[in-house]
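Visitor: Walk me through this model, please. I want the reasoning behind each label.

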Amino acid sequence: MKQSEIRIPLTEVSYDELTDMQRRLIDDARQATHRSYAPYSHFSVGAAILLDNGEIVTGANQENAAYPSGTCAERTAAYYAHARYPEARFTAIAISARGTDGHYLKSPISPCGACRQALLEYETLAQANVTVLLDGADGIYILPSVRSLLPLAFSEF
């Protein structure tokens, strides 16, 4: 038997250590949480995607009484970004969340499995790494790619 270990590269920074563009993405993701429709979970998530044409597209989670009909913030942003700018490629995504108390989470939030796979599709389309910024009030995680969130992913890239 052979055992292996998978390690995920991650950098933890404060908001002040971000570049201007990274701060803008985090700010846009935070603002997007206020456009969330979360009457059931009261958990508001926002995402902001930077495209290679310079545009930033945001999305927020949208819940529905028919539970599987809702959509996460990451997929809302991703699908809108590609529908609006089909020629553009993703270069970065920032994700932020507010809890049931209305405050931003202290620890960074990570996308669900479905969102990880959906985002990986756009990273594959770009044929380049898409930087991931996971926002938390006490620190922000920066990962070099969506693939970092989905080890052993099924993908051509």
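Guide: Start with a definition: helices, of at least four residues, and strands, of at least two, are DSSP runs, numbered from the N terminus. With those names, Q127 is found in the loop between α3 and β5 (131-134). Note that this is a predicted model.

Visitor: What makes the phi of Q127 worth a remark?

Guide: Most residues other than glycine have a negative phi. Phi of Q127 is near 55°, a positive value, and Q127 is not a glycine. L152 also has a positive phi, about 60°, and is not a glycine either. L152 lies in the segment after β6 (140-143).

Visitor: Why is α2 called roughly parallel to α3?

Guide: Their axes cross at roughly 30°. Angles under 35 degrees count as roughly parallel, so α2 earns that label against α3 (residues 113-126). The axes come within 9 Å, and the crossing is left-handed.

Visitor: How do you know that α2 and α3 meet, and through which residues?

Guide: Contact means heavy atoms within 4.5 Å. From α2, E74, R75, A78, Y79 and H82 meet A114, C115, A118, L119, Y122 and L125 of α3. These contact residues divide into 8 nonpolar, 1 polar and 2 charged.

Visitor: What makes a residue part of the lining of the largest pocket?

Guide: A lining residue has an atom within 4 Å of a pocket point. The largest pocket has a volume of about 390 Å³. Of its 20 lining residues, N61, E63, Y67, T71 and C72 are the closest to the centre. Helix α2 (residues 73-84) gives the largest share of the lining, 3 residues. The lining divides into 10 nonpolar, 7 polar and 3 charged residues.

How values were computed
Residues are numbered from 1 along each chain as its sequence is written. This is a predicted model: local features need pLDDT of at least 70, side-chain atom pairs count only at pLDDT 80 or more; totals for chains, interfaces and linings use all residues. Side-chain values use heavy atoms; hydrogens and water are left out. On a 1 Å grid over the protein atoms alone, a cavity is a set of points where a 1.4 Å probe fits but cannot get out, and a pocket is an open set with protein on both sides within 12 Å along at least five of seven lines; lining residues have an atom within 4 Å of a point. Grid points are joined across faces, edges and corners, and a volume is the space filled by probe spheres set on the points. Ala, Val, Leu, Ile, Met, Phe, Trp, Tyr, Cys and Pro count as nonpolar, Asp, Glu, Lys and Arg as charged, and the others, Gly among them, as polar. Axes are lines fitted to C-alpha atoms, for helices over the stretch in contact, and angles run from 0 to 180 degrees between N-to-C directions. Angles under 35 degrees count as roughly parallel, over 145 as roughly antiparallel, 65 to 115 as roughly perpendicular and the rest as oblique. A crossing is left-handed if the near helix is turned anticlockwise from the far one by less than a right angle, and right-handed if clockwise.
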